[in-house]
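Got your viewer open? Let's take a walk through some charged side chains, one selection at a time.

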Amino acid sequence: MSNTTTQKRGPITCHVLDSSRGIPGKNIEVLLECQQNNVDKDWITINKTKTNEDGRCSDLVSPDYKIPLTNSEDDSKVIYRLTFFTTPYFKSFGQESFYPFVQIVFQIKDPTQHYHVPLLIAPFSYTTYRGS
């Protein structure tokens with residue numbers, strides 16, 4: 001069965017799963033930033049959004065977003081950071097949590113690939129990996 005309404009995804013996506021409850025982490029605020037200058041360490045906001053009902057950020061970056069790999073001025077590597085604001089999510093269930101937010105810092109080596117960053121959360125732990 002083919003899907004004729006396939007939506008093109010951006011080159012960077014994420015997904016949150018609540019492993020303590022066995023459900024998607026929906027309505028979690030997510031911030032994507034990059035650091036293009038390794039000298040002053042300033043972070044530049046790319047987008048701020050929330051996970052959908054399935055725990056995914058379908059609008060983290062647009063499908064035509066071009067991933068910069070290096071800073072054109074000094075050829076330093078661009079570093080990316082995803083911040084997941086988990087405290088409000090757990091508070092909505094009346095659950096205390098240890099981590100007020102989760103930050104995942106990563107570097108992209110090949111701009112032609114898709115980069116999917118899943119996050120498995122629980123009130124007192126989290127796990128992440130590079131997905132597909």
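Start by selecting Glu29, which counts as partly exposed because its relative accessibility is 26%. Keep in mind as you look around that this is a predicted model.

Which residue does Glu29 form a salt bridge with? Add Lys48 to your selection: the closest N and O atoms of the two are 2.9 Å apart. Glu29 sits in strand β3 and Lys48 in strand β4, so this bridge ties together parts that are 19 residues apart in sequence. Lys48 is partly exposed too, at 48% relative accessibility.

Next, pick Arg81 and Glu33. Their side chains meet in a salt bridge, with 2.9 Å from N to O. Colour the strands and you'll find Arg81 in β5 and Glu33 in β3, which makes this a link between distant parts of the chain, 48 residues apart. Are these two buried or exposed? Both Arg81 and Glu33 are buried.

Now hop over to the loops and select Glu53 with Lys26. Here the side chains form a salt bridge at 3.2 Å, N to O. Glu53 is in the loop between β4 (44–50) and β5 (79–85), while Lys26 is in the loop between β2 (23–24) and β3 (29–35); the two are 27 residues apart. Try showing the surface around them. Glu53 counts as exposed because its relative accessibility is 59%, above the 50% cut-off. Lys26, at 40%, counts as partly exposed.

Before you close the viewer, how many salt bridges does the structure hold? There are four, and the tour's stops included Glu29 with Lys48, Arg81 with Glu33 and Glu53 with Lys26.

Notes. Residues numbered from 1 in each chain as written. Predicted model: local features only at pLDDT ≥ 70, side-chain atom pairs only at ≥ 80, totals over all residues. Heavy atoms only, no water. Helix = DSSP H or I, 4+ residues; strand = E, 2+ residues; numbered from the N terminus. Buried < 20%, exposed > 50% of the residue type's maximum accessible area, 1.4 Å probe, protein only.
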